[in-house]
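These are my notebook entries on a structure that I had not examined before. I set down what I looked up, one topic at a time.

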Amino acid sequence: QVQFAESGGGLVQPGGSLRLSCVVSGSIFSNLGMGWYRQRQGSGHQRELVAGISPSGETNSANSVKGRFTISRDNAKNMVYLQMNNLKPEDTAVYYCNVGRFLPNFDSWGQGTQVIVSS
């Protein structure tokens with residue numbers, strides 16, 4: 001069973017930066033496309049794709065974060081990262097990683113990591 005453990009969230013002012021990390025266990029990580037997803041608070045907010053990365057390192061991202069967020073991976077450590085720059089209040093959400101660079105492959109999720117962008 002694949003498991004995810006996210007970390008690195010916190011409270012940051014608008015314009016600030018954070019780096020999220022996710023360690024993946026239970027599968028052959030280097031073969032997996034991976035994605036970062038987020039869920040904002042409030043009714044009607046579904047979990048949405050933020051950025052994805054293929055096993056070979058090809059990336060994709062949502063229009064709302066293009067030019068600000070960068071996804072990367074370290075196959076030797078079974079880790080996937082999300083560098084977030086120029087954060088905006090609308091980036092406030094719980095961030096999760098999952099297998100799948102466009103859609104999540106698994107119904108089970110980690111605990112996520114909370115990002116709050118506020119002055």
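Entry 1, contacts along the chain. I took the contacts between residues at least 6 apart in sequence and found that 57% of them join residues at least 24 apart. I note here that the model is a predicted one.

Entry 2, overall make-up. I looked up the secondary structure and found zero helices and ten strands. Read from the N terminus, the order of elements is β-β-β-β-β-β-β-β-β-β. The radius of gyration is 13 Å, close to the 14 Å that the globule rule gives for 119 residues, so I record the protein as being as compact as a globular protein of that length. Along the principal axes, the C-alpha atoms fill a box of roughly 40 × 30 × 20 Å. I also recorded that 43% of the 119 residues are buried. For the accessible surface I noted about 6100 Å², with 46% of this belonging to carbon and sulfur atoms.

Entry 3, the sheet of four strands. In which order do the strands of the open sheet lie? I read the order as β1-β3-β8-β7, with antiparallel pairing. At the edges I found β1 (3–7) and β7 (69–74), each of which pairs on one side only. From one strand to the next, the twist averages 20°.

I then followed the pairings at both edges. Strand β1 runs antiparallel to β3 (residues 18–25), and five bridges join the two. Within this pair, I found E6 opposite C22 of β3. At the other edge, β7 and β8 also run antiparallel, joined by six bridges. There I noted T70, whose bridge partner in β8 is Q83. The two strands form a hairpin with four residues between them. In its turn, N78 has a positive phi of about 55°.

Entry 4, the two faces of β7. Which residues of β7 are on the covered face, and which on the uncovered one? I listed F69, I71 and R73 as covered, and T70, S72 and D74 as uncovered. In a regular strand, side chains alternate between the two faces of the sheet.

Entry 5, the nonpolar core. I looked up the largest nonpolar core and found that it has 28 residues. The residues with the most contacts inside this core are M34, W36, V80, L82, M84 and Y95. I then asked which elements give two or more residues to the core. They are β3, β4 (34–39), β5 (48–53), β7, β8 (79–84), β9 (93–99) and β10 (113–117).

Entry 6, two loop asparagines. I found N86 in the loop between β8 and β9. Its relative accessibility is 42%, and N86 therefore counts as partly exposed. Leaving aside neighbours within four places in sequence, I recorded contacts of N86 with G15, G16, S17, R68 and D91. I also looked up N86 and V23, which are 63 residues apart in sequence; their C-alpha atoms are 24 Å apart in space.

I placed N31 in the loop between β3 and β4. Is N31 buried or exposed? At 54% relative accessibility, above the cut-off of 50%, N31 counts as exposed. I last looked up N31 and V99, which are 68 residues apart along the chain. The separation of their C-alpha atoms is 10 Å.

Methods. Residues are numbered from 1 along each chain as its sequence is written. This is a predicted model: local features need pLDDT of at least 70, side-chain atom pairs count only at pLDDT 80 or more; totals for chains, interfaces and linings use all residues. Side-chain values use heavy atoms; hydrogens and water are left out. Two strands pair if DSSP finds at least two bridges between them. Axes are lines fitted to C-alpha atoms, for helices over the stretch in contact, and angles run from 0 to 180 degrees between N-to-C directions. A nonpolar core is a set of buried Ala, Val, Leu, Ile, Met, Phe, Trp, Tyr and Cys residues joined through side-chain atoms within 4.5 Å. Buried means under 20% relative accessible area, exposed over 50%, partly exposed in between (1.4 Å probe, protein chains only). The radius of gyration is taken over C-alpha atoms; the globule rule is 2.2 Å times the number of residues to the power 0.38. Contact means heavy atoms within 4.5 Å. Accessible areas come from the Shrake-Rupley method with a 1.4 Å probe; for residues, only the protein chains shown count as cover.
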